[in-house]
Amino acid sequence: MSKREPQQDYDVVIAGGGMIGTSLALALAPLGLQVAVVEAVSASTQTQPSFDDRSTALSRSSQRLFEALGLWTEIAAAATPIRKIHVSDKGRFGFAHIDAREQRVEALGYVVINRVLGTVLRDALDRAPGVHLLCPARITDVRLAPERAVAVVDPDGSTPFEINGRLLVAADGANSNVRQLLGITAQQSAYGQRAVIGNLQPGIAIDNIAYERFTPAGPLALLPMTDDRAAFVWTVSETDAERVLALDDHAFLQALQTAFGYRLGAFSKIGKRAAYPLTLSKALRLTATRSVVIGNAAHGLHPVAAQGFNLGLRDVATLCDCVSDALESGTDATDIGAAQMLDRYAEWRRSDQKKLVQFTDGLVRLFGTQSRPLRRLRNLGMLGFDFIPGVRDEFARQTMGLAGRLPRLSRGVPLR
Ligand SMILES: Cc1cc2nc3c(=O)[nH]c(=O)nc-3n(C[C@H](O)[C@H](O)[C@H](O)COP(=O)(O)OP(=O)(O)OC[C@H]3O[C@@H](n4cnc5c(N)ncnc54)[C@H](O)[C@@H]3O)c2cc1C
């Protein structure tokens, strides 16, 4: 099941070794802790739900985190810089844009394929001191006591066993079973949309520009990739999804071309497609006794602004700051997983999570509406974006993940 035999006592037990759980384990490793990552699906299978064929736009703060963990050089080798973001509203004149040069940064973000990022993270996990990957295995039950959390681990095909952690972290995704076992409710509302993803060859070089085009059916993003290809994330209504997915490659490319237009020339050579149902989900609490909920288990966002993983990495960085400070102060009262530490974490994360939920949900609703006054408002918004001083800079800071009070790793500062 794992290269290292499971032990009974850990400092931190992480449920879920997807993009967020793995990043957290790697970020905690320099602190000299014993960390267990319990992951249901092996990274080498095609069905791994986190490290799949999606492309992720990493923000500046995410890039800095990976830099601080010593992983950026490896990730950068497979990543494509975003130097401009171009936002347009189908059927309207004008567009809004953000330019890396204007923001005085080398890139606004970077695009990387999840499967590639997963390979880098899982390889690093194998080398990380003190980190034990238990995979394939699921956490099926949890007991919380004042001094420790006990997790029941069910390995594929062998006898379940228990492990203890001073801190238990639920990083098992939007439908988190561990969040439920902790008694934390999540508010969930389906968007009635699916995101269809894949990649294609544009007729005109995409030139490190990320495009976000709002259409009546939903937003359509095209992101720059290596080899002059473009990754697309096309939101279609649930009622139209089956029809769109059943189209053959030629008909699908034509439909996508109609939605996007010819700004990038004629589309061709489409790759494999996949679809994701879209739901907004928010955990009503972030902590329980000796435990904390992070990543998609805490907040599942619409992919419209490409922020879900970036937001989750700020959860990771903040949790690491709180754990590191608790270790440095070195008294039992500030022991990792103690209520004081968990309260500090929850307080720190509240505003960033709330803002991003409101921002992404607001964008989907504002651009999805057919109401005339709201359409007028969004036209004014697009104009204001380019002409009202400060609006664009503030938007760029949010997009790059640089707004608000940032924890050390999100600023690129190693913990040790
Ligand atoms: C179409 C699309 C495009 C996106 N694009 C971007 C983007 O460009 N930028 C961005 O920042 N974000 C993006 N996101 C969001 C991003 O993909 C998610 O925020 C991110 O995957 C969350 O990672 P996670 O580890 O929290 O959850 P998940 O990726 O869901 O991983 C959870 C892991 O937990 C495991 N697991 C589940 N239950 C258990 C259990 N009981 N025990 C053990 N293990 C368990 C699963 O096998 C899985 O590996 C996008 C999302 C979608 C749908």
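Strands here are DSSP runs of E of at least two residues, numbered from the N terminus. By that reading, V196 sits in strand β12, residues 186-200. One thing to keep in mind while you look around: this is a predicted model.

**Starting at V196**

Is V196 buried or exposed? With a relative accessible area of 0%, V196 is buried, because buried means under 20%. Leaving out residues up to four places away in sequence, V196 touches F232, V233, W234, V236, L245, F252, A274 and A275. If you want a feel for distances, take K355: V196 and K355 are 159 residues apart in sequence, and their C-alpha atoms are 26 Å apart in space.

**The cores**

Nonpolar side chains tend to be buried together in soluble globular proteins. In this model, the largest nonpolar core has 82 residues, and F66 and I294 are the ones with the most contacts inside it. Helix α8, residues 308-329, gives this core its largest share, nine residues. There is also a second, separate core, which has 35 residues, among them A195, A210, V233 and V304.

What does F66 touch, once residues up to four places away in sequence are set aside? The list is S23, L58, L71, W72, I75, L117, L121, F309 and L313.

**Helix α2 and its surroundings**

F66 is one of the buried residues of α2, along with R60, S61, S62, Q63, L65 and A68. The helix spans residues 60-68 and is mostly covered, with seven of its nine residues buried. Quite a few elements do the covering, including α1 (19-28), α3 (72-76), β3, β7, α4 and α8. After α2 comes G70, which has a positive phi near 75 degrees.

S410 also meets this part of the chain. It belongs to the segment after α11 (391-399), and S410 counts as buried because its relative accessibility is 1%. Apart from neighbours within four places in sequence, S410 is in contact with S61, R64, R314 and A317.

**A three-stranded sheet**

Now for β3. Strands of a sheet pair through backbone hydrogen bonds, either parallel or antiparallel. Here three strands form an open sheet in the order β3-β7-β4, and the pairing is antiparallel. The edges are β3 (55-59) and β4 (80-82), each pairing on one side only. On average, neighbouring strands of this sheet are turned by 30 degrees against each other, direction ignored.

How many bridges join β3 to β7? Five, in the antiparallel sense, with β7 covering residues 109-113. Within that pairing, S55 stands opposite I113, and A57 has V111 as its bridge partner.

Being an edge strand does not leave β3 bare: five of its five residues are buried. Both faces are covered, with S55, A57 and S59 buried on one side and T56 and L58 buried on the other. Helix α4 (residues 114-127) lies across β3 and β7 and runs at about 85 degrees to β7.

**Around the ligand**

There are 32 residues around the ligand, and the ones that come nearest are E39, S50, A57, N296 and F309. Two of these names have come up already: A57 is in the buried set of β3, and F309 is among the residues F66 touches. Some distances from a ligand oxygen atom to the protein are set out here.

| Residue | Protein atom | Distance from a ligand oxygen |
|---|---|---|
| I20 | polar backbone atom | 3.0 Å |
| R54 | N or O atom in the side chain | 3.1 Å |
| N296 | N or O atom in the side chain | 2.7 Å |

**R349, a buried arginine**

Last stop: R349, found in helix α9 (residues 339-368). Why does R349 count as buried? Because its relative accessible area is 3%, and buried means under 20%. What does its side chain reach? The R349 side chain makes a polar contact with the side chain of D315 at 2.7 Å, and it also reaches the backbone oxygen of L311 at 3.4 Å. Not counting residues up to four places away in sequence, R349 touches L286, L311, R314, D315 and T318. R314 is a name to recognise here, as S410 is in contact with R314 too.

Technical notes:
Residues are numbered from 1 along each chain as its sequence is written. This is a predicted model: local features need pLDDT of at least 70, side-chain atom pairs count only at pLDDT 80 or more; totals for chains, interfaces and linings use all residues. Side-chain values use heavy atoms; hydrogens and water are left out. Two strands pair if DSSP finds at least two bridges between them. Helices (H or I, at least four residues) and strands (E, at least two) are DSSP runs, numbered from the N terminus. Axes are lines fitted to C-alpha atoms, for helices over the stretch in contact, and angles run from 0 to 180 degrees between N-to-C directions. Contact means heavy atoms within 4.5 Å. Buried means under 20% relative accessible area, exposed over 50%, partly exposed in between (1.4 Å probe, protein chains only). A nonpolar core is a set of buried Ala, Val, Leu, Ile, Met, Phe, Trp, Tyr and Cys residues joined through side-chain atoms within 4.5 Å. A residue is near a molecule or strand if one of its heavy atoms lies within 4 Å of it. A polar contact is a pair of N or O atoms within 3.5 Å; within protein, one must be able to donate a hydrogen and the other to accept it, and residues adjacent in sequence count only if both atoms are side-chain atoms.
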